[in-house]
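Trainee: Got a minute to go through this one with me? I'd like to start at the ligand and then look at some helix packing.

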Amino acid sequence: MSLFQSIETPAVTYEQPLGLFINNEFVRGVEGKTFETINPHNEKPIVAVHEGTAKEVDIAVKVARSALNGEWKEVTPSERGRLLTRLADFLERDIETLAAIEALDNGKGVTMAKGDVNASAGCLRYYGGWADKIYGQTIETDINSLTYTRHEPVGVCGQIIPWNFPLLMFAWKIGPALATGNTIVMKTAEQTPLSALYVAKLIKEAGFPPGVVNVISGFGRTAGAAIAAHMDIDKVAFTGSTLVGRQIMKSAADSNLKKVTLELGGKSPNIILPDANLDEAIEWVNLGIFFNHGQCCCAGSRILVHEAVYERFLELFKKRAEQNKVGDPFSTETFQGPQVSQIQYDRIMGYIQDGKGAGAKVITGGDRHGSEGYYIQPTIFADVTEDMTIVREEIFGPVCTVQKVHSEEEAIRVANDTNYGLAAAVHTTNINTAIRVSNAIKAGTVWVNNYNTLHYQMPFGGFKESGIGRELGSYALENYTEVKTVRVHLSRP
Ligand code: ADP
């Protein structure tokens with residue numbers, strides 16, 4: 001099978017790399033394995049890509065190690081920053097192509113996909129800015145000593161990303177790792193390998209030395225597991241399900257105790273208090289759950305509404321959700337495209353059946369949309385109770401529950417009644433209430449009168465079983481450096 005193929009989309013025709021990206025070249029796997037990626041809009045294969053397994057991970061780790069100890073080490077921090085900003089420029093230059101790839105491979109609306117490209121470029125540029133501002137401290141202990149710290153790269157970093165934001169997760173992961181001088185073996189999600197391979201081509205064009213970034217298309221239980229268990233990977237960064245996060249941590253512990261950061265699932269509460277500006281709150285609630293087809297780890301899937309505004313809220317929210325444009329990812333009007341895969345579609349439909357069976361009331365949706373593609377109607381359940389599966393488990397689709405609460409205290413108690421702690425929101429026009437509630441919620445991000453407004457300058461990550469460590473902002477840099485203390489004894493003349 002060839003290493004490149006011309007692909008025609010409704011927006012652009014472009015050359016898609018298909019190989020594994022190792023040492024700045026697109027190559028075949030050792031055994032020549034390939035797998036197909038599916039278009040979720042029509043359920044048909046788009047193209048086959050070359051598959052990496054443990055063997056190819058091993059090869060990639062070796063070249064990443066030699067780049068770390070060789071050419072990459074010689075690159076100055078400001079040059080690292082320049083490479084990252086140049087890569088950001090190339091993402092923006094190729095925005096039409098990258099957005100089309102995401103629409104084709106992931107199913108997100110092309111307008112949303114352009115937002116992802118811009119956010120990815122912004123993230124890379126932001127970390128490019130950090131590259132020459134990473135340094136330690138000098139510590140005064142006594143006149144006979146000079147003590148200082150160095151923030152050194154951790155080393156070879158294994159990075160495993162999911163399919164919901166293929167390009168953006170790639171940027172979130174490589175930005176801080178490269179700014180701090182690490183090298184990377186990245187495994188993309190098997191459902192969405194295409195955009196990262198295209199960016200790999202841009203990485204080479206930007207001038208990164210060979211071996212600094214390696215991209216493996218492959219499956220979790222083979223290539224992903226090989227990264228987590230590898231004896232010569234110094235750190236693993238993972239975004240995905242809590243279930244797999246646990247396995248990765250176990251593998252890290254059982255192998256070389258590599259450093260672990262995890263960005264995992266959520267069941268995030270979105271609280272509407274009686275004094276909220278309801279019209280504005282509805283917009284944020286709608287975006288909070290239905291953005292990216294509900295395929296966000298921080299999706300506001302548990303909506304907790306004060307009894308004083310419950311009925312009015314349901315009426316307005318139903319009306320708003322029914323206005324969401326569901327359909328072809330290549331229509332610029334589309335807000336919600338198909339779910340990413342048959343497996344996800346089945347899983348979500350299973351939860352919808354479960355909710356109906358448990359007696360939750362369907363306010364809108366509750367069925368498939370159309371007859372082809374993995375489309376699901378925006379679905380709102382109301383009159384739910386805390387013990388229902390649809391209230392407790394992450395659905396990862398366009399499905400939310402609306403639950404009535406009777407006081408601020410109850411809202412806080414219910415909001416925190418989960419093993420997750422990724423995000424939350426409170427809608428109120430009272431600043432005291434806003435701060436009181438946000439302080440009381442156990443979550444890594446709390447939005448006040450907004451939702452899903454992530455930004456590369458803001459740290460993001462989870463309390464409790466939603467993860468370990470923080471991505472984005474200056475906080476992410478800490479995950480990618482080892483602090484070395486140097487103490488020099490000064491001899492007296
Ligand atoms: P989802 O269920 O939504 O696909 P996963 O957590 O399974 O989410 O997948 C996220 C990423 O983790 C993907 O790149 C996937 O291939 C990878 N993955 C899945 N299982 C494993 C595993 N056992 N070890 C390492 N990576 C894995």
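Trainee: Which residues come nearest to the ligand?

Mentor: Keep in mind this is a predicted model, where local features need pLDDT of at least 70, side-chain atom pairs count only at pLDDT 80 or more, and totals for chains, interfaces and linings use all residues. Residues are numbered from 1 along each chain as its sequence is written, and side-chain values use heavy atoms, with hydrogens and water left out. There are 20 residues around the ligand, a residue being near if one of its heavy atoms lies within 4 Å. Those that come nearest are Ile-161, Trp-163, Lys-187, Glu-190 and Ser-241.

Trainee: And which residue puts a polar side-chain atom 3.0 Å from a nitrogen atom of the ligand?

Mentor: Look at the polar contacts, meaning pairs of N or O atoms within 3.5 Å (within protein, one must be able to donate a hydrogen and the other to accept it, and residues adjacent in sequence count only if both atoms are side-chain atoms). Ile-161 uses a polar backbone atom, 2.7 Å from a ligand oxygen, while Trp-163 has a polar side-chain atom 3.0 Å from an oxygen of the ligand. For the nitrogen, the residue is Gln-247.

Trainee: Now the helices. How are α3 and α5 oriented to each other?

Mentor: Helix α3 covers residues 77-93 and α5 covers 110-130, helices being DSSP runs of H or I with at least four residues, strands runs of E with at least two, numbered from the N terminus. They pack at about 165°, axes 7 Å apart; axes are lines fitted to C-alpha atoms, for helices over the stretch in contact, and angles run from 0 to 180 degrees between N-to-C directions. Angles under 35 degrees count as roughly parallel, over 145 as roughly antiparallel, 65 to 115 as roughly perpendicular and the rest as oblique. That makes α3 and α5 roughly antiparallel.

Trainee: What about α3 and α7, oblique or roughly antiparallel?

Mentor: Helix α7 spans residues 194-206, and its axis is 9 Å from that of α3. The angle between the two is about 130°. So that pair is oblique.

Trainee: Last one: which residue's backbone oxygen lies 3.0 Å from a polar side-chain atom of Asn-416?

Mentor: Asn-416 sits in the loop between α14 (408-415) and β19 (423-427). Leaving aside neighbours within four places in sequence, Asn-416 is in contact (heavy atoms within 4.5 Å) with Ala-440, Ile-441, Lys-442 and Lys-464. The partner you want is 24 residues away in sequence and 8.7 Å away C-alpha to C-alpha. The backbone oxygen belongs to Ala-440.
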